[in-house]
Amino acid sequence: MPTHPLSRLLRRNISAGQIIGYALANLVGLTIVLTALQFYRDVTSATSGDDSFISSDYLIISKKVSGLGNFLGSDPSATRFTSADRDEISSQPWAAEVGEFTSADFNVAARVDFGGSPLTTALFLESIPDEFFDVSPRGWDYTPGSGKPLPIVISKDYLTLYNFGFATSRGMPQISEELIGSLPLRLSVSGGGKQEWIDARIVGFSSRLNTIAVPEEFMTWANREFADPASPRQSDPSRLIVRLRQAGDPAAMAFMAGHDYEVAGDKDAGGKAAYFLSLVTTIVVAVGVIISLLAFFILLLSIYLLLQKNRDKIHDLMLLGYTPGRVARYYHLLVAGVNALVLILAVSVMLVAGAGWQEALGSIGAESAPVWPTIAAGVAMMLVITAGNMIAISRSIRRNFRR
């Protein structure tokens, strides 16, 4: 199919070197952005488990117990969080959500028949809002009087302590998560002159929560039924769980240290790793965006100089009846074609680079994140750049037509 004379006329003074320079600069910028985004998504996906070395988006905090605690009759409420404390934490820019641990105001004992030998031990129970759990066991609810076993979630550390501490020293068998989840438990709940046996079952193990957790429905009912009316109930929680807006935010750690709050577990190193990864990714993506913006202005400058060079020709085209839109269409197609090629090459480089770190992630049993969101981000970025180029080209041509 023969080339349109208008296209041949406009193509004559186009500098191939300038177009290639723009394409290379845009390719470098877009490749940096896409590769950094996919690397960040792969790493955060691989380390999203709560036992990950960079997982620190939740903090469990408590107040320090100093000296002899309340042995000498000091106020036990000194180690509890008041509503003012919680409001202060909730108002911090790094705090996305704050939840309370609700403790049991009654006595709890557990009995289990294991290998023909009954084991009985005192327990403590707590509850927190469901959105703060890292596990989602089936049937996580409780209705008093329904006869349904009470679901319980315990810390994975407790099972580890039993298997490699208590069981090995007492010559008792070690048990797995599947086995302990199948063992029927009997809980003795007593207080306020009442006592009741409740069937229970362990339905999940948490890496985030260092507690024995039950549904809030059970805790509300049991505290109302078995709390000793002669003992005033402590409504203020002794522990809080905080979801951070950004994992490892240094401002959160500085706040905890400044208020003398204790953070459960070793979250400092993991938080620093998460924050450092986020910071480096942000810097790399910013560099890529800056390079792409520079390429954008390089193209605009090249086309502006080209239009200035062809000003007389464009004026003659106007006299011949050509509209600005028809003249601009050629440059639009040129920019769209170059940008489409840049996008394809940038995605290809990103996929090749991603395959390079997959082996390292696979060695720790991790799977990479899907690439489609990253590709979609690249398409969106290139559409914005292309639209900006086309708008600038159309405006420049209209100005030349008016002269």
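On the surface of this predicted model, L279, I283 and V287 together make a nonpolar patch of about 240 Å². One of these residues, L279, lies in helix 8, which runs over residues 268–309, and because its relative accessibility is 40%, L279 counts as partly exposed rather than buried.

Let me turn from the surface to the interior. The largest nonpolar core has 29 residues, and those with the most contacts inside it are F106, L125, L150, I152, L187 and F218. At least two residues of this core are supplied by each of strand 4 (107–114), strand 7 (150–155), helix 4 (156–170), strand 8 (185–191), strand 9 (194–206) and helix 6 (216–226), with helix 6 giving the largest share, five residues. Apart from this core lies another, of 21 residues, among them Y22, A295, I375 and I385.

Coming back to F106, what does it touch, if we leave out residues up to four places away in sequence? On that count, F106 is in contact with L125, V189, S190, F218, M219, A222, N223 and F226.

Finally, I would like to look at R201, which is found in strand 9 and is partly exposed, since its relative accessible area is 31%. Although R201 and I152 are 49 residues apart in sequence, their C-alpha atoms are 6.0 Å apart in space. The contacts of R201, again without residues up to four places away in sequence, are P149, L150, P151 and I152, together with G181, S182, L183 and P184; of these, L150 and I152 are among the residues with the most contacts inside the largest nonpolar core.

Terms used
Residues are numbered from 1 along each chain as its sequence is written. This is a predicted model: local features need pLDDT of at least 70, side-chain atom pairs count only at pLDDT 80 or more; totals for chains, interfaces and linings use all residues. Side-chain values use heavy atoms; hydrogens and water are left out. Patches are made of residues with over 30% relative accessible area and no salt bridge: like charges are joined within 9 Å, nonpolar side chains (Val, Leu, Ile, Met, Phe, Trp, Tyr) within 5 Å. Accessible areas come from the Shrake-Rupley method with a 1.4 Å probe; for residues, only the protein chains shown count as cover. A salt bridge is a side-chain nitrogen of Lys or Arg within 4 Å of a carboxyl oxygen of Asp or Glu. Helices (H or I, at least four residues) and strands (E, at least two) are DSSP runs, numbered from the N terminus. Buried means under 20% relative accessible area, exposed over 50%, partly exposed in between (1.4 Å probe, protein chains only). A nonpolar core is a set of buried Ala, Val, Leu, Ile, Met, Phe, Trp, Tyr and Cys residues joined through side-chain atoms within 4.5 Å. Contact means heavy atoms within 4.5 Å.
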